[in-house]
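User: Could you walk me through this model before I set anything up? I would like to begin with the sheet and then turn to the core.

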Amino acid sequence: MILASFGLDQLSKTWAHSFVGSGNVIAVFPGFNLVAITNSGVAFGLAGEAAPVILIAIGVLLSGLLGIWLMRTRSPIHALGLSLAIGGALGNVADRLMFGAVRDFIDLYWDTLHWPSFNLADVAIVVGLGLLVLVGEEQPENRPDMN
């Protein structure tokens, strides 16, 4: 699943940026545009002034820590969540290595209010970590009877 989320992210970014063209906007349907922008920061453009090497190091470190958790888990749902998050994080790390910034292409909006643009790596990270939060801590398969 890591490779699938990483690969789909990279393919979608490459397709969207070549299809839309830098700085252009294509209206898909009301509330959804395709755009071709780059983001030098992290979520919502925060830390945009940080050196790419620092953001790359953080992405690799967090992916490594999640990878250790992945190797130790016996929960399929945790494995799925961790794999999605790792694949997404590495997709954004790859962008920083190749372009110095992350390629975004999804623009959701309501009337004149636009959510910050994002990509499939961001979706994989949010869905993956969301699964971990929703499922919670792993429970031992054979808990001792407390009676």
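Analyst: What follows goes through the strands, a helix beside them and the nonpolar cores, bearing in mind that this is a predicted model.

User: Ok, what order do the strands of the open sheet have?

Analyst: The open sheet has four strands in the order 1-2-3-4, with antiparallel pairing, and its edge strands are strand 1 and strand 4 (113-114), each of which pairs on one side only.

User: How many bridges are there between strand 2 and strand 3?

Analyst: Strand 2 and strand 3 pair in the antiparallel sense over six bridges, and within this part of the sheet Asn33 stands opposite Asp107 in strand 3. On the other side of strand 2, strand 1 (residues 25-29) pairs with it over four bridges, again in the antiparallel sense, while strand 3 and strand 4 are joined by two bridges, where Trp110 has Leu113 in strand 4 as its bridge partner.

User: What sits between strand 1 and strand 2?

Analyst: The two strands form a hairpin with two residues between them, and Gly31 in the turn has a positive phi of about 95°. Within this pairing, Val25 has Val35 in strand 2 as its bridge partner.

User: Which strands does helix 3 touch?

Analyst: Helix 3 (residues 76-99) packs on the sheet and touches strand 2 and strand 3, with its direction making about 120° with that of strand 3.

User: Switching to the core, which residues make up the largest one?

Analyst: The largest nonpolar core has eight residues, namely Ala16, Val20, Phe32, Leu34, Ala36, Phe105, Ile106 and Phe118. Helix 1 (2-20), strand 2 (32-39) and strand 3 (102-110) each supply at least two residues of this core, and the largest share, three residues, comes from strand 2. A second core of six residues lies apart from it, with Leu66, Leu70, Leu82 and Ala85 among its members.

User: Why is strand 2 described as largely enclosed?

Analyst: Six of its eight residues are buried, so strand 2 is largely enclosed by the rest of the structure; buried here means under 20% relative accessible area. As background, nonpolar side chains in soluble globular proteins tend to be buried together.

User: And Val20, what is it in contact with beyond its sequence neighbours?

Analyst: Leaving aside neighbours within four places in sequence, Val20 is in contact with Val25, Ile26, Leu34, Val35 and Ala36. Of these partners, Leu34 and Ala36 also belong to the largest nonpolar core together with Val20, whereas Val25 and Val35 are the bridge partners mentioned for the hairpin.

Definitions and conventions. Residues numbered from 1 in each chain as written. Predicted model: local features only at pLDDT ≥ 70, side-chain atom pairs only at ≥ 80, totals over all residues. Heavy atoms only, no water. Core = buried A, V, L, I, M, F, W, Y, C linked by side-chain atoms within 4.5 Å. Buried < 20%, exposed > 50% of the residue type's maximum accessible area, 1.4 Å probe, protein only. Contact = heavy atoms within 4.5 Å. Pairing = 2+ DSSP bridges. Axes fitted to C-alpha atoms, helices over the stretch in contact; angles between N-to-C directions.
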